[in-house]
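Let us walk through this complex together, beginning where its two chains meet. Please keep the model open beside the text as we go.

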Amino acid sequence: MSNDNASSKEKVTTTDEFIKGLWKDNPVFVQVLGMCPVLAVSNTAENALAMGLATAFVLLMSNILVSLLRNFVPKQVRIASYILIIATFVTVVDYAIQAISVELHKSLGAFISLIVVNCLILSRAEAFASKNTVWKSIFDALGMGLGFTFALFCLGAVREILGNGSLFNISLFSEGFQSWIVMILPAGGFFTLAIWLLIINGIQTRKTKS
Amino acid sequence: MNTESLGTIFLNACLVNNFVLAYFLGICPFLGVSGKMETATKMGAAVMFVMLISSMCAYGIHAFLVSIGAPFLQLISYIVVIASTVQLVEMFIKKMSPALFRSLGIFLPLITTNCAILGVALFQTNKAYGFLESIVYALGAGAGFTLALILIAGLREQLEFADIPKISKGTALTLFIAGILSLCFMGFAGLGA
């Protein structure tokens, strides 16, 4: 959240708001927010993508509404009202996914409902949407949402390729491929994310050095 | 109704399907508060208490919502109950022990967004647990959460002075430890069967 203060002081365009979520302030790799769904449903690329898009949708809608209401909600009850707004949209998404694909709904399980407590969404509502115009909030939400989806996909793809030898259920290797079961298991989630963080950290340190 | 015994439910929630290490719930406080043993223990206790209260409330709410035929309100009412429970706990701790209140700081209100608590409420509804089973389930989940938090806090305290590569400092290292712990906890599989 502290990163916003620095960037909002300078004059930023809407494109900057959009880009920052994708890379510089990536919610997963840089801010380490919303870890629970990241680790839990990233065992296949398909699940990861669905989860990312669902979260992005909730983020977008709640950012718009919070930003529209920012002058009407009393300060004391703002967090409670944000949570109610978020919970409403999550319920919508939950029922929508159930209508689109029962199978997907089953494999994501309770984690769709758990989008409510994704700290990423609440932190964007509190740190950005409650202080900025609707237009800017939309771009912020789009950037953050896509950044989140991108990160989830990075994890999901690696875990599915190594753990199952496939990507989007399409087999990549020949028969002899011995899959790394551990990558599908919870431990694999921790390890994959840790390695991604190492890579990102490495790139950042190299950048600051040069 | 299901046929698991109370002991099995407790063991399953606490060890076999540990909320942090197998379900990835409550990772945020897990990464945030696990730096020090003492805060980790207190945080665990607070979370366990909130879990217990909200699990009991969730049982009642679910029964009520089903009887009036409005299950789509489930999520919203759960989160409201959790938020108010946290508020109550906050006021209670502030009154009884100001010192503890200060040491927990910002993490106390953040319990609201701890997915482990909402997770307990949702899972017990999905599994159609009765009242007593719900309580045991919440206790087991809370104990498991506290256990994982204490384990990782101890490990992190030990690693404070270890000589590790610069890029692996911070979250990456904690995640590696969590991964190894998660592997260890797989050893409990089959225990509660």
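In this predicted model, the two chains meet through 32 residues of chain B in contact with 32 residues of chain A. On the chain B side, the elements that contribute two or more residues are helices H2 (27–32), H4, H6 (115–126) and H8 (171–185). H8(B) gives the most, with eight residues. Look at the chemistry of this side of chain B: it has 24 nonpolar and eight polar residues, and no charged ones. As for the predictor's view of the assembly, the complex receives an ipTM of 0.78 and a pTM of 0.81.

Now let us stay with chain B and take in its overall build. Its secondary structure consists of eight helices and zero strands, so you will read α-α-α-α-α-α-α-α as you move from the N terminus on. Along the principal axes, the C-alpha trace of chain B spans about 60 × 45 × 25 Å. How does its radius of gyration compare with that of a compact globule? A compact globule of 193 residues would have a value near 16 Å, and the 17 Å of chain B agrees with this.

Confidence in chain B has a mean pLDDT of 81, with 95% of the residues reaching 70 or more. Among the elements of this chain, H2(B) has the lowest mean, at 75, while helix H7 (residues 131–159) of chain B has the highest, at 87. You may recall H2(B) as one of the elements on the side that touches chain A.

A good place to zoom in is helix H3 of chain B, which runs over residues 37–68. Its 32 residues reach 46 Å from the first C-alpha to the last, close to the 46 Å expected at 1.5 Å a residue. Just after H3(B), B:Gly69 takes a positive phi of about 70°. Helix H4 of chain B covers residues 74–96, and H3(B) packs against it at an angle of about 145°, with the axes 9 Å apart. The crossing of these helices is right-handed.

Which residues make this contact? From H3(B) come B:Ala46, B:Phe49, B:Val50, B:Ile53, B:Ser54, B:Cys57, B:Ala58, B:Ile61, B:His62 and B:Leu65. H4(B) answers with B:Gln74, B:Ser77, B:Tyr78, B:Val81, B:Ile82, B:Thr85, B:Val86 and B:Val89. Taken by class, the residues of this contact are 13 nonpolar and five polar, with no charged ones. H4(B) is also among the elements that give two or more residues to the side touching chain A.

Let us turn to the partner. Chain A has 10 helices and two strands, and its elements follow the order α-α-α-α-α-α-α-α-β-β-α-α from the N terminus on. Its C-alpha atoms fill a box of roughly 60 × 50 × 25 Å along the principal axes. For 210 residues, a compact globule would have a radius of gyration near 17 Å, and chain A, at 18 Å, agrees.

Where in chain A is confidence lowest, and where is it highest? The lowest mean, 43, belongs to helix H1 (residues 2–9) of chain A, and the highest, 89, to helix H4 (residues 45–68) of chain A. Over residues 1–10 of chain A, pLDDT stays under 50, and the model has seven contacts beyond four places in sequence for this stretch. For chain A as a whole, the mean pLDDT is 80, and 92% of its residues reach 70 or more.

Note on methods. Residues numbered from 1 in each chain as written. Chains lettered and ligands numbered in written order. Predicted model: local features only at pLDDT ≥ 70, side-chain atom pairs only at ≥ 80, totals over all residues. Helix = DSSP H or I, 4+ residues; strand = E, 2+ residues; numbered from the N terminus. Expected span 1.5 Å × (residues − 1). Axes fitted to C-alpha atoms, helices over the stretch in contact; angles between N-to-C directions. Left-handed = near helix turned anticlockwise from the far one by under 90°. Nonpolar A, V, L, I, M, F, W, Y, C, P; charged D, E, K, R; others polar. pLDDT = per-residue confidence, 0-100. Rg over C-alpha atoms; globule rule 2.2 N^0.38 Å.
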